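Got your viewer open? Load the model, switch on side chains, and keep the selection box handy.

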Amino acid sequence: MNSTENTSASSANFIREIIDADLTAGKHQQIVTRFPPEPNGYLHIGHAKSICINHGIARDYRGRFHLRFDDTNPTKEDTEYVESIMEDVRWLGAEWGDNLFFASDYFEQLYAWAVHLIEHGKAYVDDLTAEQMRQTRGSLTEPGTDSPWRNRSVAENLDLFARMRSGEFANGAKVLRAKIDMGHPNLNMRDPVLYRIAHAHHHRTGDAWCIYPMYDFAHGQSDAIEGITHSICTLEFEAHRPLYDWFLQNLPVPAQPRQIEFARLNLTYTVMSKRKLLQLVQEKHVNGWDDPRMPTISGLRRRGYTPEAIREFCDRIGVSKRENVIDLGLLEFCLRQDLEEKAIRRMVVLDPLKVVITNFSDATEWYPGPNHPSNEAMGERKVPLTREIFIERDDFMETPVKGFFRLFPGNEVRLRYACYITCTDVIKAPDGSIVELHATFDPESRGASSPDNRKVKGTIHWVSAKESLPIQVRLYDNLFHSETPDEAPEGKTFLDNINHDSLQVITAYAEPALADATLAERFQFERKGYFCLDKDTASEGLIFNRTTTLRDSWSKQQKK
RNA sequence: UGCCCGAUGGUGUAAUGGCAGCACAACAGGUUCUGACCCUGUUUGUCUAGGUUCAAAUCCUAGUCGGGCAGCCA
C-alpha cells in the first residue's frame, strides 16, 4: 500500500518524500488529502495546481481525496461559488466520490471544542474592539500586551460565550480568543481570535448561528475530523502552522494531521489573486468569470483548454517551496501537445482574398481530406472546390520577400487536398489595394499531386467562395501586455497593464463540414490554430473561440 | 527592526556527500500535402565568503538577495 513507485507521470517532490517517510514510520494506514476552497470566488489555474497535487497523491497512494468547502465566513460566501467549484473540480477529473464536506457541518463540534478550551483556561471572551486589539497586538519587533479581559474566570467565559452564541451581543462586541502568549515572536500566536460575532445568513446553516469560527480554529480541526493525514496548503499559511499544531495538541481531536506548505503558482501575462480576478469581473474588464481570457478554470474551459492539458501542465511545473513564475509558454505547449492529437482538421480562411481560377469550370468538385493527418480512425470529409475561392490574405505577396514560398505572381502552390494553382494576375482597386487574384490550375494535379512529381514547396488552405460558411471567430491575446502585470510602476496598478486588444472579433469563411461542429469537439483550423465552438453559438449562429495559435516559425523569422 | 521560509541555465525542476540531468524557451539543421506535428544537434546554471571532507549544489558558520507575517479574511 505504501507504494512510492508511481504508475502515473507524477514525479517525486518534497511532499511525497514526507509522505513516504511518514508511511515508513508507520504513522498511517492510508493517505488522505483534501482540497479546501472557500466558496467566495471561481477557481483558477493556481487552484488546479493544488487540486492536482492533492488528488494526485490520493490516487497514487491509493488513499482518499476529499473536497471540503471552508465556509466559515458567511458574509463573503455563496452557493453560486459552491456550484461552480464543484463543476470545475469534477471537470478537471479530481473525483471526490462520497467525500464532499463543509466546514460548516462541523460548527457544533467546533463550538464544543471552543468550550473545551475555555474549561481548561485556554480561551477567553474579550471585549476589546478590533481597533484596540490591533493596538495591543504589538508589532513585528515589539511584544503585545495582555487584554484586561484576559483573566476572566472560566465560569464567566463560559457564560459569555454561550450568550455570544445565543445572539445577545452585536457584531464586534465580543470575540473568543485563545490564551497563548501575547509576547510570542509569531504574531499568530498572540491570543488569536477563535470566534467572532456575525449576525449574517450562512448559505448552508442559514440563521442557526451568529458566531462563526475563524479559519485557524476551523481548518486543522476539520482536517482531524476527516482523518486528513497531510494538509497541503500554500506558503502564506506557514506562519499559521504553530497555531494549527497548537489546537491539535490542546484539543481532544481524533487525529493529528500534518500541514505541509508549497509555493503557489504564478504565470506570466496573468494575475492570479482572487481579489484581482473579482475586480476584473466586477469592473467589466472582461465578460464574466468564464471569459476565455481569464485564468479561471471556467475561462480556460470555454477557451478550449482540456483537463488533460491542464493536468499535464500541473505535473510538469513540479512542487517546491520556492517562489516561481511559470512561462505561459509551458501551459500552451501542454495544450498544443494534447490538441495536436485530438483536434479535427478543418480549413477556415480568417482574412479572405478572392482568387478566380480562370481555367476552372462552373462545376463544383469535391475532394476528400482526412480529419487528422496521422489518425485514420478519425475519418475524412469532402471539401468543395469551385472557380472562385478565398485564400488567406497573408498567403500572398505581390513582391515576395526572401524565403517566402506561398503564392506570388508566377508561382505555383498547392491548394491543400485539391490541386496546384499558379498566380497569373493581380487585380487592384484604384487606391492600389489588392482586391482579387487570377490564377490557373493544372488539371493533371487534381488530388493535390502531379504525375511528373514536380516539387511544389508551398501548400495553403482555402475555401470555396460559393460553398463556404461565414462564421464568427473570436481571436484572443493575453489579457495583459506585461509579463508580470502585478508589478505596476508608482501610482499605477495591474489594471494599467491591461492589453486593450486582447479580443478581436472577425467573420471568417469555413468549409461546409464545420457546420456540424459540437461543443465537445476541438478543431484545428489548418495552419491557423486550435479553435472550439463557443456556448454563445446557440443564439447567434456559429461562433468559435481561438484556443491558441499554432507555432509559427515563419512569422517569428519575419520579426527578426 | 523581530520571527519564519527560500536561493541550481532565460523559466521551472532533478541530483539527498561521489560524472550537475530533464522539460519549456532560444538557436541551427532535417523531414513535411499544415512554415504545424515529428526528428537531430547547439548555447546557457549550483547567490557570496569562509569552514568540514579524499570528495560539497548537498553538511556547518556568516553575509547577500527574494518572499511571508501586525483581519473580528481564507
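Start by selecting K276 and D486 in chain A: they form a salt bridge, with the closest N and O atoms 2.7 Å apart. This is a predicted model, so treat what you click on accordingly. K276 sits in helix 9 (residues 274-282), while D486 is in the loop between strand 21 (469-476) and strand 22 (503-510), so the bridge ties together parts that are 210 residues apart in sequence. Show a surface and check the two ends. K276 is buried, with a relative accessible area of 16%, because the cut-off for buried is under 20%. D486 is partly exposed, at 43% relative accessibility.

Next, pick E261 and R241. Here the closest N and O atoms of the salt bridge are 2.5 Å apart. Color by secondary structure and you'll find E261 in strand 9 (residues 258-262) and R241 in helix 8 (residues 241-250), 20 residues apart. Which of the two ends is buried, and which is partly exposed? E261 is the buried one, at a relative accessible area of 2%; R241 is partly exposed, at 28%.

Now jump to D442 and R454. Their side chains meet in a salt bridge, 2.9 Å from N to O. This time both partners belong to the loop between strand 18 (434-441) and strand 19 (459-460), 12 residues apart. D442 is buried, with 17% relative accessible area, and R454 is partly exposed, with 29%.

For a busier view, select D290, R302, R474, D534, K535 and D536 together. These residues are linked in a network of salt bridges. If you'd like to keep hunting, the count of salt bridges comes to 46.

Time to leave the charges for a moment and go to A200. Look for it in the loop between strand 6 (193-197) and strand 7 (211-213). A200 is buried, with a relative accessible area of 18%. What is A200 in contact with, leaving aside its neighbours within four places in sequence? Select P74, T75, G206, D207, W209 and Y212 to see those contacts. Then draw a distance line from A200 to F396: their C-alpha atoms are 65 Å apart in space, and the two residues are 196 apart in sequence.

Now zoom out until you can see the whole of chain A. What size of box do its C-alpha atoms fill? Taken along the principal axes, the box is roughly 100 × 55 × 40 Å. The radius of gyration is 31 Å, whereas a compact globule of 560 residues would be near 24 Å. In cartoon view, you're looking at 14 helices and 25 strands.

Try coloring by burial next: buried residues make up 53% of the 560 in chain A. Switch to a surface, and the accessible area comes to about 25,300 Å², with 49% of that belonging to carbon and sulfur atoms. If your viewer can draw a contact map, look at contacts with a separation of 6 or more: residues 24 or more positions apart account for 71% of them.

Last stop: color by charge. Chain A has 68 positive and 82 negative charges, and their mean positions are 3 Å apart.

Key. Residues numbered from 1 in each chain as written. Chains lettered and ligands numbered in written order. Predicted model: local features only at pLDDT ≥ 70, side-chain atom pairs only at ≥ 80, totals over all residues. Heavy atoms only, no water. Helix = DSSP H or I, 4+ residues; strand = E, 2+ residues; numbered from the N terminus. Rg over C-alpha atoms; globule rule 2.2 N^0.38 Å. Buried < 20%, exposed > 50% of the residue type's maximum accessible area, 1.4 Å probe, protein only. Contact = heavy atoms within 4.5 Å. Areas by Shrake-Rupley, 256 points an atom, 1.4 Å probe, with all protein chains shown as cover. Lys, Arg positive; Asp, Glu negative; His and termini not counted. Charge placed at Lys NZ, Arg CZ, Asp CG, Glu CD. Salt bridge = Lys/Arg side-chain N within 4 Å of Asp/Glu carboxyl O.
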